[in-house]
Amino acid sequence: TLARLTDAGFTPAQAEAELRRIGPNATLADLTPSLTTEAGGLASRGAEATDLLKGRFGERAAKANTVAHDIMETRLGIKPDYEVEKAAAKAERQRLTKSDYDAAKNSRMALDAQPVVDKIDNALEHAVGSEAAELKTARSYLHNPNGDIKIDTKPLLKARQGLDDRLDKLKKEGTSQASATYRAVSEVRDELDKVLKTNPDLAIADAKYAKLAQDFGGIDLGRKAITNTGNYENFAREFNKASSEKQEYMRKGLRIQIGDMMEKATRGELSEAQRLFGKSTNNRKIIRLAFC
């Protein structure tokens, strides 16, 4: 062992100092590749040497994942739950914009939805199948029980919410957003949205809600930021122009992605952390920008 240390350029005192620097679980085998090979040779001899070395390194490996996990939580915080964050963000948007939407609904401002109905009627001349069925449903949202076109802001806002629900249902049922059916409903929704935004109170409420939704979108940017090679330039561009609220969501997304990748790693959390941050300087730069 002394010969191997000498070959590697270490005196016993220097080796001791380096082991202290590496940490309390370090061994001489961590100092150089030659000493790692020496330890492997000893471990292959059998009997007491094998039991001693494999026991020591096995115990250290078992602790490594816990250490990596603890470091992540200490430095980056506890991994958030995406679905919990999503639900909480939606509830917060609704809470922060409730008074704005109430003001719009209570304004009782009359709006002209006739152009929206005309657009639907024109589309129905050629629509068939599910597209025609969805257009007829959308048309029904714009009329009261007497068959008259709704004109008040409140019921027309309800109609927009109904169209949003139809679009969500179509997506969940597997209807492509590029399909004629989905596009037909989406176009009606957009036309009605333009009409609704002629109410100044509603325009303010929508803008506030959209900003809050855009902030939450940062969580998905963060969840896709870490890759095998990393793309620091793209992440930095998005992060630096984002609001402070969106930056916080980007941090949460990053923490979720890091946690997910480490938990799914077949080689253990320590190995995955080394793979993610050992090879790619871009990934390290992303984490440094977001958390430091």
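**Exercise 1. Determine which residues Glu 85 touches, leaving out those up to four places away in sequence, and decide whether Glu 85 is buried or exposed.**

Solution. The model is a predicted one.
Step 1. Beyond residues up to four places away in sequence, Glu 85 touches Pro 80, Phe 216, Ile 219, Tyr 249 and Lys 252.
Step 2. Glu 85 itself belongs to helix 5, which spans residues 82-106.
Step 3. The relative accessible area of Glu 85 is 15%. Buried means under 20%, so Glu 85 is classed as buried.

**Exercise 2. Locate Lys 79 and describe its surroundings in sequence and in space.**

Solution.
Step 1. Lys 79 is placed in the loop that joins helix 4 (47-76) to helix 5.
Step 2. With neighbours within four places in sequence set aside, the contacts of Lys 79 are Arg 255, Ile 256, Gly 259, Asp 260 and Glu 263.
Step 3. Lys 79 and Lys 252 are separated by 173 residues in sequence, yet their C-alpha atoms are 7.6 Å apart. Lys 252 is also one of the residues touched by Glu 85.
Step 4. The relative accessible area of Lys 79 is 26%, so this residue is partly exposed.

**Exercise 3. Identify the residues that form the positive surface patch and the helices that supply at least two of them each.**

Solution.
Step 1. The patch consists of Lys 86, Lys 90, Lys 171 and Lys 172.
Step 2. Helix 5 and helix 8 (153-172) each contribute at least two residues to the positive patch.
Step 3. Lys 90 is situated in helix 5. Its relative accessible area is 43%, and Lys 90 is therefore partly exposed. Membership of a patch requires over 30% relative accessible area, a condition that the 43% of Lys 90 meets.

**Exercise 4. Compare the salt bridges Lys 194 to Glu 191 and Arg 251 to Glu 248, giving the N to O distance, the spacing along the helix and the exposure of each partner.**

Solution.
Step 1. The structure contains 21 salt bridges. In one of them the side chains of Lys 194 and Glu 191 meet at 3.4 Å, N to O. In another, the closest N and O atoms of Arg 251 and Glu 248 are 3.1 Å apart.
Step 2. Lys 194 and Glu 191 are 3 residues apart in helix 9 (residues 180-196), so about one helical turn separates them. Arg 251 and Glu 248 are likewise 3 residues apart, in helix 13 (residues 244-264), which means a separation of about one helical turn.
Step 3. Lys 194 is exposed at 53% relative accessibility, while Glu 191 is partly exposed at 26%. Arg 251 is partly exposed at 22%, and Glu 248 is partly exposed at 38%.

**Exercise 5. Describe the salt bridge between Lys 197 and Asp 193, then state which network of salt bridges includes both residues.**

Solution.
Step 1. The closest N and O atoms of Lys 197 and Asp 193 lie 2.8 Å apart. A salt bridge requires these atoms within 4 Å, so the pair qualifies.
Step 2. Lys 197 has a relative accessible area of 35% and is partly exposed, whereas Asp 193, at 13% relative accessibility, is buried.
Step 3. Both residues belong to a network of salt bridges that links Arg 160, Asp 164, Arg 189, Asp 193, Lys 197 and Asp 206.

Conventions
Residues are numbered from 1 along each chain as its sequence is written. This is a predicted model: local features need pLDDT of at least 70, side-chain atom pairs count only at pLDDT 80 or more; totals for chains, interfaces and linings use all residues. Side-chain values use heavy atoms; hydrogens and water are left out. Helices (H or I, at least four residues) and strands (E, at least two) are DSSP runs, numbered from the N terminus. Buried means under 20% relative accessible area, exposed over 50%, partly exposed in between (1.4 Å probe, protein chains only). Contact means heavy atoms within 4.5 Å. Patches are made of residues with over 30% relative accessible area and no salt bridge: like charges are joined within 9 Å, nonpolar side chains (Val, Leu, Ile, Met, Phe, Trp, Tyr) within 5 Å. Accessible areas come from the Shrake-Rupley method with a 1.4 Å probe; for residues, only the protein chains shown count as cover. Lys and Arg count as positive and Asp and Glu as negative; His and the chain ends are not counted. The place of a charge is taken as NZ of Lys, CZ of Arg, CG of Asp or CD of Glu.
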